[in-house]
Amino acid sequence: MTTLLKSATIIDTSSPFNNQVKDILITNGTITKIDNNIPNQKEYKTVKLDNLHVSTGWFDTSVSLGEPGYEERETIKHGLEVAAKSGFTEIAVNPNTNPVTENKASVEFLINKATNFATNLYPIGTLTQQSKGIEMAELYDMQQSGAVAFGDYNKPINNDNLLKIALLYAQNFNGLVLSFPKNKAIAGDGVANEGVNSTTLGLKGIPSLAEEMQVARDLFLLEYTGGKLHIPTITTEKSVKLIKEAKKKGLDVSCSVAVHNLLLTDDELHGFDGNKKVNPPLRTKKDVKALVKGVRDGIIDIITTDHNPIDIEHKKVEFSIAKDGTIGLESAFGALNTILDLETITNCLSKNPKERFQIKLNTIKENERANLSLFTPNGEYTFTKNNILSTSKNSVFLNKKLRGKIYGIFNNKQLILNS
C-alpha cells in the first residue's frame, strides 16, 4: 500500500524537515519521498486533514492493561486499538496483571497477544517475584524474551539491599531498573497529598517526604552501584531538585512525570471523586509549577499517561477505599497541548523515552521506516465520556478543557485514523 500525507507540518527535532510543511509519501511502510507537492496518483491512499501535524511515533512508558486476569478493565487487543487512536505507536505495559509478568512465559504471552497490531507492545517485567519485594525475579530471562525494563508497578522496593543487588545484577545485560518513589513507612495508609486540602477534607495525608526520601535513597544506591535507574512518576519540587543534582554528578538516572500531575492539583479532591484518586497523589500548585519547569529544562526526561483502567465498582465508592489510578491515553495530548510547546511534547513522548528504554527511534526523512503520530494542535474542547475509548471510564480529566485532536498513527505498514 502507498499512502500520501498531504501538507503535513513535521515536528521532529532530528529531522532536516523540522517545522516545515511537506507532503510525505509512504510506500510499503517506508518514507520514500518528502517534498513540497507530491502529485496524487490513483493508487495512493491520500490523507488530507485540517492542519495536519506529524511527529515520530509516541511511546508511553507506563500503560496498564487488564489482561491477563482483569480483562473486565481492559484487554490487550482493545487497549492497543485505544493507544493507536490516541496517537501512540508504542506502549510499555506494566506487570500489574494476574498473574504478574515475572518470567519468560508471561513476557512471551504478552508479545504473542500483541502481534500484527499498529501499536507495538513492550512488556515491563517485575523486579521481584510476584511483586512482593522479597526476592528478585528472573530479570535476564525476561529481557531475553523481550522485556524492556523491570519494576514492581506502584510498589516501592523497601529492602535497600535488594535494590542494590538488582542495580548491580542488571548491569550484566544493560538492564533498566525502575524504582517507584514512595517510602511506605512515611506514607502509611494515606490517600491524598498531605496539606491544607487533606486536612480540610478529613483525608489521611501522604507527605511529600515519603517520595523524596525514597528518591534520595535510590540515588545514593545508584551512586554506589552504578547501573541504570528510572524513577517513574515523580510529583514534588524536591524530587526534581534531587534528580537534577544526581544528573550533574553524572549518574545514569532518568525520571518521568504523569500527565495529570503536570496539570492538576489536590484542589481537585473537594468533590471526593474516586477518579481523582491516583498514586502518587495530586500535589500542590508549587509542585506542579516545578514539574512543568523540570520538563522544560530537561531534568524530567519522559512524560507518561500512567494509564491505569479501573472498573466502576472500584471507583464509584468512598474516596478512601477507591482503587488508585486513572486512564490517560485519550486525554494525554489534549492536556499537554494546553501547557507545553509541540517540540517539548514530542521529545518527551517519543525521542527521550525511546532512547531510555532502547526502542528504535526513527527520524522523519526519506528511506526511514514510517513510525508516525498524526495530530493537530488546533481546537479546544471539553473532555467527556464521549471522548473515552477505553473499556474503563475512570478519567481524571473528565469535564476539563483540552486542546488539539489526534488523527491517528502510521506504523507497521498500517494507517489508523479516527473516524
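**Exercise 1.** In this predicted model, which helix and strands each supply at least two residues of the lining of the second largest pocket, and which of the elements gives the largest share?

*Solution.* Begin with the elements: helix H11 (332–336), strand S16 (372–382) and strand S17 (401–411) each contribute at least two residues to the lining of the second largest pocket. Next, look at the shares, where S16 comes out with the largest, namely four residues. The pocket itself holds about 390 Å³ of space, and of the 18 residues that line it, Tyr-381, Asn-387, Lys-405, Ile-406 and Asn-418 are the closest to its centre. Finally, sorting the lining by class gives five nonpolar, 10 polar and three charged residues.

**Exercise 2.** Describe the largest pocket by its volume and by the classes of the residues in its lining.

*Solution.* The volume of the largest pocket is about 750 Å³. Its lining is made up of 27 residues, of which Tyr-153, Asn-154, Lys-155, Asn-279 and Asp-324 are the closest to the centre. Divided by class, the residues of this lining are nine nonpolar, 10 polar and eight charged.

**Exercise 3.** Find the helix in which Ile-165 lies, and explain why Ile-165 counts as partly exposed.

*Solution.* Locate the residue first: Ile-165 belongs to helix H4, which covers residues 160–170. Then take its relative accessibility, which is 36%; because partly exposed is the class between under 20% (buried) and over 50% (exposed), Ile-165 counts as partly exposed. As a last step, consider the surface, where Ile-165 forms a nonpolar patch with Tyr-140 and Tyr-169, the three together having about 250 Å² of accessible area.

Note on methods:
Residues are numbered from 1 along each chain as its sequence is written. This is a predicted model: local features need pLDDT of at least 70, side-chain atom pairs count only at pLDDT 80 or more; totals for chains, interfaces and linings use all residues. Side-chain values use heavy atoms; hydrogens and water are left out. Patches are made of residues with over 30% relative accessible area and no salt bridge: like charges are joined within 9 Å, nonpolar side chains (Val, Leu, Ile, Met, Phe, Trp, Tyr) within 5 Å. Accessible areas come from the Shrake-Rupley method with a 1.4 Å probe; for residues, only the protein chains shown count as cover. A salt bridge is a side-chain nitrogen of Lys or Arg within 4 Å of a carboxyl oxygen of Asp or Glu. Buried means under 20% relative accessible area, exposed over 50%, partly exposed in between (1.4 Å probe, protein chains only). On a 1 Å grid over the protein atoms alone, a cavity is a set of points where a 1.4 Å probe fits but cannot get out, and a pocket is an open set with protein on both sides within 12 Å along at least five of seven lines; lining residues have an atom within 4 Å of a point. Grid points are joined across faces, edges and corners, and a volume is the space filled by probe spheres set on the points. Ala, Val, Leu, Ile, Met, Phe, Trp, Tyr, Cys and Pro count as nonpolar, Asp, Glu, Lys and Arg as charged, and the others, Gly among them, as polar.
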